[in-house]
Amino acid sequence: MSGLIGKKIGMTSIFDSNGKNIPCTVIEAGPCIVTQVRTEEVDGYKAVQLGFDDATEKSATKADLGHAKKAGTSVKRKIVEFKGFDKEYKLGDAITVEHFTEGEFVDIAGVSKGKGFQGVVKRWNFGGGPASHGSMFHRRGGSYGLCQWPGRIFKNKKMPGHMGDVSRTTQNLQVVKVLPEKNLVLIKGSVPGHKGSILTLRVAKKSKN
């Protein structure tokens, strides 16, 4: 599905025409530069590869530098392929936040905030044991022991471990406002990721509107 790459700026709230307060996430979406155009004849499918956010040449490989030079742009921090664009684009074209319209719905993908190593109460919402004196069982996960058979712990057992920092997609978020002069788009509700994280915005797959 067609879309853009953006960066999470923060959150704010605006009032609609009925005076209702709407919490919004502010995203800097674009301008994205076309770094490659996939065609049926060469690649076997049609898609547009977009680059967003300038990276330093010092951190780029020779392949990255050559790829950017061919498109006539600087090395980009994030590159994503999108399908489903109505218009035909060529190398070096810029796609701005005006690609989206107010009121439409989008799917936003990003990497969730990392929480570090967490126990089962925070990570999996376990109830824990009694909090009274003498219990000796408060926030642990209970019995993990499987003694003679099978003599191991089953896969996918909910246990303490690393929490967060995984790819997540939030679907059917409404575009509340588009600010082309500032390359900003306001999305109703929250999106995955910390402030400054890179996000992928696509036209919603499951929206019925």
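Which residues make a nonpolar surface patch of about 360 Å²? Leu 146, Trp 149 and Phe 154 do. The legends below start from that patch and then visit other places in this structure, which is a predicted model.

**Close-up 1. Leu 146, Trp 149 and Phe 154 form a nonpolar patch on the surface.** Welcome to the first view. The patch made by these three residues covers about 360 Å². Leu 146 sits in the loop that runs between helix H3 (120-124) and strand E9 (161-164). How accessible is each member of the trio? Leu 146 is partly exposed, with a relative accessible area of 33%. Phe 154 is also classed as partly exposed, at 40%. Trp 149 has a relative accessible area of 68%, which makes this residue exposed.

**Close-up 2. Phe 82 and Phe 85 meet as an edge-to-face aromatic pair.** A pair of aromatic rings is described by the distance of the centres and the angle of the planes. Searching the whole structure turns up three aromatic pairs. In the pair formed by Phe 82 and Phe 85, the distance is 6.4 Å centre to centre, with 75 degrees between the planes. Are these two residues buried or exposed? Phe 82 is buried, with a relative accessible area of 1%, and Phe 85 is buried as well, at 14%. The two rings also belong to a cluster: ring pairs link Phe 82, Phe 85 and Tyr 89.

**Close-up 3. Trp 149 and Phe 154 bring an edge-to-face pair to the surface patch.** Here we return to two residues from the opening view. Their ring centres are 6.3 Å apart and their planes stand at 65 degrees, so the pair is edge-to-face. An angle over 60 degrees is what earns that name. Trp 149 is exposed, whereas Phe 154 is partly exposed.

**Close-up 4. A cis peptide bond joins Trp 149 to Pro 150.** Most residues other than glycine have a negative phi, and most peptide bonds are trans. For the bond from Trp 149 to Pro 150, omega is near -5 degrees. Pro 150 is placed in the loop between H3 and E9, and Leu 146 of the surface patch lies in the loop between these elements too.

**Close-up 5. Asn 125 and Asn 183 have positive phi values.** Where do these two residues lie? Asn 125 is in the loop between H3 and E9, while Asn 183 belongs to the loop between strand E10 (167-179) and strand E11 (184-188). Phi is about 65 degrees for Asn 125, although this residue is not a glycine. For Asn 183, phi is near 55 degrees. Asn 125 is exposed, with a relative accessible area of 68%.

**Close-up 6. Strands E7 and E12 help to line the largest pocket.** This pocket has a volume of about 290 Å³. How many residues line the largest pocket? There are 18, and those closest to its centre are Ala 109, Gly 110, Val 111, Ile 198 and Thr 200. Two elements give two or more residues to the lining: strand E7 (105-111) and strand E12 (198-203). E7 gives the most, with five residues.

**Close-up 7. Lys 7, Asp 53 and Arg 77 are linked in a network of salt bridges.** Side chains of opposite charge can pair when their charged atoms come close. The structure holds seven salt bridges, and two of them involve Asp 53. The side chain of Asp 53 meets that of Lys 7 at 3.8 Å, N to O. Asp 53 lies in strand E4 (residues 47-54) and Lys 7 in strand E1 (residues 3-15), so this bridge ties together parts that are 46 residues apart in sequence. Asp 53 also meets Arg 77, at 3.1 Å, N to O. That second bridge links strand E4 with strand E5 (residues 76-82), where Arg 77 lies, across 24 residues of sequence.

**Close-up 8. Asp 93 and Lys 90 form another salt bridge.** Their side chains meet at 3.8 Å, N to O. Lys 90 counts as exposed, at 57% relative accessibility.

**Close-up 9. Ile 33 and Ser 74 are 41 residues apart in sequence.** In space, the two are 9.4 Å apart, C-alpha to C-alpha. Ile 33 is found in strand E3 (residues 32-38) and counts as buried, with 14% relative accessibility.

Conventions. Residues are numbered from 1 along each chain as its sequence is written. This is a predicted model: local features need pLDDT of at least 70, side-chain atom pairs count only at pLDDT 80 or more; totals for chains, interfaces and linings use all residues. Side-chain values use heavy atoms; hydrogens and water are left out. Patches are made of residues with over 30% relative accessible area and no salt bridge: like charges are joined within 9 Å, nonpolar side chains (Val, Leu, Ile, Met, Phe, Trp, Tyr) within 5 Å. Accessible areas come from the Shrake-Rupley method with a 1.4 Å probe; for residues, only the protein chains shown count as cover. A salt bridge is a side-chain nitrogen of Lys or Arg within 4 Å of a carboxyl oxygen of Asp or Glu. Helices (H or I, at least four residues) and strands (E, at least two) are DSSP runs, numbered from the N terminus. Buried means under 20% relative accessible area, exposed over 50%, partly exposed in between (1.4 Å probe, protein chains only). Rings of Phe, Tyr and Trp (its six-membered ring) pair if their centres lie within 6.5 Å; planes under 30 degrees apart count as stacked, over 60 as edge-to-face and the rest as tilted. On a 1 Å grid over the protein atoms alone, a cavity is a set of points where a 1.4 Å probe fits but cannot get out, and a pocket is an open set with protein on both sides within 12 Å along at least five of seven lines; lining residues have an atom within 4 Å of a point. Grid points are joined across faces, edges and corners, and a volume is the space filled by probe spheres set on the points.
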